[in-house]
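Biologist: Could you walk me through this model and the terms you use for it?

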Amino acid sequence: MPILGLPEKEYMYLGFYSCPGCGEFLALRHCLKALGDKTIVAIPAGCIPTVAGLFPRISYRVSVLNIAFEAAAAGASGIAAALKAKGVRDITVAACAGDGGTADIGIQALSGAAERGDDLLYICFDNEAYMNTGIQRSGATPFGATTTTTPIIGKRQHKKDMPLIMAAHKIPYIATSCSSYPQDIFKKVRKASEKRGATRYIQILCPCGPGWRVDVNRTVEVGRLAVRTGMWALYEIEDGKFSLSGPSRGLIDPSKRVPIKEYLKLQGRFARLTDEQIGALQEWVNEQWESYKKMIGE
Amino acid sequence: MAEVILTTGNHAAAYAAKAAKVKVIAAYPITPQSPTVEELSEIVERGELKAEFICVESEHTAMSALIGASATGVRTFTATSSHGLALMHEMLHWAAGARLPIVMYVANRALAPPWNIWCDHQDTIAQRDTGWMQFYAENNQEIFDTVLMAYRIAEDKEVFLPAMVCADGFTLSHMTLPVEIPDQKDIDDFLPPYEPPFKLDDPDNPVTHGNPAMPNVPFSDWYTECRFLMQEAMTKAKEKIREVGEEFKRRFGRFHGNLIEEYRCDDAEVVLVSMGSLAAQAKDVVDDMRDEGYSVGALKLRVFRPFPAEEIQELAKHVKAFAVIDRNMSFGYVGAALMEVKAALCDAKERPIVKGYVMGLGGRDVMPSEQRLAVQEMFKDLERGRVEKKIEWIGLRT
């Protein structure tokens, strides 16, 4: 029986090695359901290739090209070009990378693909640090989070706004989602996979138990709080038009947003934040929402 | 009908890629290679070649994109030089490890600093251990022919390794020379369309390329065997290079040597070893010196990987001395060609004396008189019965 109205067919077979409660694999599972059989995925270094199975076993039901850390978009560009050269039109090319592989080391190849308009869907699984190498800070790590390379003071800079960097490329579809909202993921990935002929970008926030120091039975809850506090907004930018989606839709009014303290207090990575720092982060979130408000045109 | 055209080394490489009917090209501009991909983009835009041309934003992406394209089952091509090749380094390992038969033309150029756009072999020699086959051409005809042969060898099911066809920057890349372009039908007969063993675009039979293989994990500990198979493929490639070279000669009447080309080596006491365009000049030097009564021959290292160790051991049966020219340097030791020739001779029954000469770095011209000097010094060393100085930098300014 379909759960949440999603297709029953699985594209991640059992037997992969993710941590319990892994947001990234929850998200990947629903992305692949939305992409379906006719899909080729390029995957760079990160948790996904390490967790999905070791040779000679693999849990993907679709074809996958493992590729170097900074090369997910580039590999996908090559696959897309080869399909075009062969006249194959019914296969979706996707790249599935982490936030480090996207916002840091992989940004050049992604920007190049987007500028050229290569026919691929790039999905960033954002768990806000280099989790696979042991929780080092990335460009996508939020302010104040302790990681193994920001171990005492926490990260001093705010999160890099990757979706809006992609928006500056004027690509036809950009969306954000969160692993705690499978239907939202499904809907957006399905929509993006159908918008062929250009680069599309989706960034999915994926809570990470060990990296965020959250109890593994609470990763879904933490993801929902990220959205309800406004730390992470769910939106789409379709042909340049910005719109909030799902539970983020009603959060333009600051009084509707849960204070970020509720989100931060569940996570060990924010345990050292002072009230003053929490205030600064709350201020940053409020500013983000002011800019969303402008983008909606309210 | 075959036709003879006057063309540069760069364009010869482009025409070879066109003749090979490559399906995906991904390239980034860099001197002195740029005219290759400029010409190819024109060929594609004019509709003379049905291929996708990706104007990538770096050489790293050029190679990564070709890895994606080749794994999807199409014939691919790129060209680069110097820093571009150095930037690709990671993906060169990847292409070879993934066993993808990508063919790349490299117009050899020095690495900075100091900035230098001119020829030496440091760029490709630095990629020696990536698992790529390396061919060094001595003229533009050989560039054209070798690109075609490289596809045949790389795509052989017993090889499946990528290949780079190297040519001296400017000396060949920008030099106009006659090149015979065979009839396309004959090229098609020699080089049929690529038949990949696996491809990504078969949804009924999904495949995963490059899955992790780790030690101490049940059933997964196959990394060493993957590497061993690459080495076996390189060994097999030696055979294929010879076979394909013979077939090419039969079909097109041209032969550029197998892994090595010997020139008047049969009764030579001293053999001058070189790569690329210097191997062409060496032949003139040998002719002149033969006229003067020197017992000398020239040896072109046409293929550097797989290395022609057996061929050199065979020559060692009658050659008394090798003068080895390197247009590169492995800092802290000696030039790469000298290193390999010496290593090959270690297994030979007879041990000729060997000396290395470093010359032609960063595009400094190598005069025939300098190659001649190298040979004369070897004769002096032969008289002495020992090598006075193991390695010499020719034309070094003080």
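Modeller: Here is a short talk through chain B and its terms.

Modeller: This is a predicted model, where local features need pLDDT of at least 70, side-chain atom pairs count only at pLDDT 80 or more, and totals for chains, interfaces and linings use all residues. Residues are numbered from 1 along each chain as its sequence is written, and chains are lettered from A and ligands numbered from 1 in the order in which they are written.

Biologist: What makes chain B as compact as a globular protein of that length?

Modeller: The globule rule is 2.2 Å times the number of residues to the power 0.38, and the radius of gyration is taken over C-alpha atoms. For 398 residues the rule gives 21 Å and chain B has 21 Å, so chain B is as compact as a globular protein of that length.

Biologist: How many residues of chain B count as buried, as a percentage?

Modeller: A residue is buried if 20 or more other C-beta atoms, placed from the backbone, lie within 10 Å of its own. By that test, 55% of the 398 residues of chain B are buried.

Biologist: Where are the two domains of chain B?

Modeller: Domain 1 covers 3-197 + 242-246 and domain 2 covers 261-393; such bounds come from an automatic or database domain assignment. Their centres, taken over C-alpha atoms, are 28 Å apart.

Biologist: How many residues of domain 1 of chain B are in contact with domain 2 of chain B?

Modeller: Contact requires C-beta atoms, placed from the backbone, within 7 Å. On that basis, 23 residues of domain 1 of chain B meet 19 residues of domain 2 of chain B. On the domain 1 side, β6(B) gives the most, with 4 residues.

Biologist: What are the edge strands of the open sheet in chain B, and why are they called that?

Modeller: Strands are DSSP runs (E, at least two residues), helices are runs of H or I of at least four, and both are numbered from the N terminus. Two strands pair if DSSP finds at least two bridges between them. The sheet has 6 strands in the order β10-β12-β11-β14-β15-β16 (chain B), with mixed pairing. β10 (260-263) and β16 (391-393) of chain B each pair on one side only, which puts them at the edges.

Biologist: How do you know that β11 and β12 of chain B pair?

Modeller: There are 5 bridges between β11 (residues 270-274) and β12 (residues 296-301) of chain B, and these strands run parallel. One such bridge links B:Leu272 to B:Ala298 in β12(B).

Methods:
Contact = placed C-beta atoms within 7 Å. Buried ≥ 20, exposed ≤ 12 C-beta atoms within 10 Å, placed from the backbone.
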